[in-house]
Amino acid sequence: MVMTIKRGVSLYSYQNETFLGKMTLEDCIRTSVEFGANGIEVIGEQTFWGWPEAGVAEDRIAEWHHLIGKYDAVPVCHDFMLDYKRYKDREMPFDEQVASVKNDIDFGARLGVQYVRALVSIAPEVLVAAAPHAEERGIKILIEVHAPLHFDHPWIVRHAEAFEKSGSDALGFLPDMGMFLSKFPPVWKERFIRNGVPPHIADYITKAYEDRVLSEYVILNVREMGGVGPAIAMAETLRHNAAYEPKRMLDYMHRIHNVHGKFYQMDEDLVEPCIPYDAIVAVLKRGNYDGYICSEYEGNRWIEDAHEVDSVEQVRRHHAMLKRLIAAPATTDTRAA
C-alpha cells in the first residue's frame, strides 16, 4: 500500500514572526520544506497584502510561484474569509456571497492550489452555488469543520447532505484537529493564571475538562468558588471545546481532502500533550486518507505575553512527531488518547 498522507504547513503557524517582520514569505516556505513539509497552505489576507479588497499584483503572484518552484514546494490550499457581516443593517445578498466565493476560487487558481478553505459559518447553499465555478477552475471548496462544531453537528450534517445532493465532487471537508482536544492545554492554563485565575480554580477547571463535566456545571461551580472575570472566561472555554472522537471522520473520508494539524504546544519529547495525534493518524490511515496534514500552530497567542514565541521550533517538533506517526505501521486502535 502506498502511503498517501503528506505533510505541509499552514503559514498561519508563523503569524507572530511574519507580523513582527522576522520572517519573509521565502523564509516561511524554505523553513517548512526543510522540515520535510513541502505542502504550503496560506491565508490570502495574511500572506498577500491587499487581498481581497485591493487585489494582488501579478508580480507578487510571480514571486509566489518562483519561491514554490525554488524550494520544490506544493501549493495546497488558500484559506478564504467571507465578509457576510459587511453591512450593519442587512445580511449580504446571496448572489454577492456566491460572487465573493468565486473571487477566492479565482485567486486560488492564480496561486495554483488544489483547495480553498471556507469558513465553517458559510451556508451550504452558497458553496453549492459556487461549485460549478470551482469545477471549471479545477479546485475543491472545503468547509472547515472546527470546534465547537463537529461531524455530528446539525450544521455540518446539513452541509454533508447538500454536498451529496449536489452531485459535485468539488465540495468537501477540511477537519481542524482542535475538535479532538482531549485535555486542557497547559499553555492555556498558565495564561489564565497569569491573567488572575487563582491556581486552585485553574486546577479544578483542568480536572473538570478531563472528567468531561458539563460546561454549565463547571461555570456554576467556579462562580461558587468565588471565581470572577478571567476565571469565568477560563471555565467558558469548555463550551467551545470538546474531546470528539477522531473516528467520526471515517464516515466523511471520501470528502476529506485536507487536514488542519492544529496544535497548541509541542513538548521537548515531541508530543502534543492535549490532542491525540496517535489516534488521529491511525484513523486517517484506516480511512486511506489521501492528502496533506498542514500544521497549524496556535500556541503563540497563549504565551506571547510572557515568553518569546518560537513558532519555527514548534513546527519542527510537530513535523518530527507527524513523520514518526505516519511512518509507523497501521493500527486498528483508533481510540482517542
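**Close-up views of a predicted model**

**View 1. Buried residues of helix α9 in the predicted model.** Ile201, Ala202, Ile205, Thr206, Ala208 and Tyr209 are the buried residues shown in α9. Because the arc they cover around the axis is only 160 degrees, they lie on the same side of α9. The partners against which these buried residues pack are α8 (186-194), α10 (215-224) and α11 (230-240).

**View 2. Length of helix α9 and the residue that follows.** Helix α9 consists of 12 residues (residues 199-210), for which a rise of 1.5 Å a residue predicts a span of 16 Å. The C-alpha atoms at its ends are 17 Å apart, in agreement with that expectation. Just after α9, Arg212 adopts a positive phi of about 60 degrees.

**View 3. The largest nonpolar core and the surroundings of Met249.** The largest nonpolar core comprises 100 residues. Ile141, Phe173 and Met249 have the most contacts inside this core. When neighbours within four places in sequence are left aside, Met249 contacts Phe151, Pro175, Met177 and Phe180, as well as Ile256, Ile280, Val283 and Leu284. A second core, separate from the largest one, has seven residues, among them Val76, Cys77, Tyr115 and Tyr292.

**View 4. Thr47 in helix α3.** Helix α3 spans residues 44-47 and contains Thr47. With a relative accessible area of 13%, Thr47 falls under the 20% limit and is therefore classed as buried. Apart from neighbours within four places in sequence, the residues in contact with Thr47 are Leu11, Leu25, Val42 and Arg60.

**View 5. Cysteines without disulfides.** The structure contains zero disulfides. A disulfide is a covalent bond joining the sulfur atoms of two cysteines. For Cys28, the closest cysteine sulfur belongs to Cys294 and lies 14 Å away, so the separation is too far for a bond. Cys28 is buried, its relative accessible area being 2%. Cys294 likewise takes part in no disulfide; its nearest cysteine sulfur is that of Cys77, at 7.3 Å. Because a disulfide requires sulfur atoms within 2.5 Å, the 7.3 Å separation of Cys294 and Cys77 does not qualify. Cys294 has a relative accessibility of 0% and counts as buried.

How values were computed:
Residues numbered from 1 in each chain as written. Predicted model: local features only at pLDDT ≥ 70, side-chain atom pairs only at ≥ 80, totals over all residues. Heavy atoms only, no water. Core = buried A, V, L, I, M, F, W, Y, C linked by side-chain atoms within 4.5 Å. Buried < 20%, exposed > 50% of the residue type's maximum accessible area, 1.4 Å probe, protein only. Contact = heavy atoms within 4.5 Å. Helix = DSSP H or I, 4+ residues; strand = E, 2+ residues; numbered from the N terminus. Expected span 1.5 Å × (residues − 1). Arc of directions from axis to C-beta.
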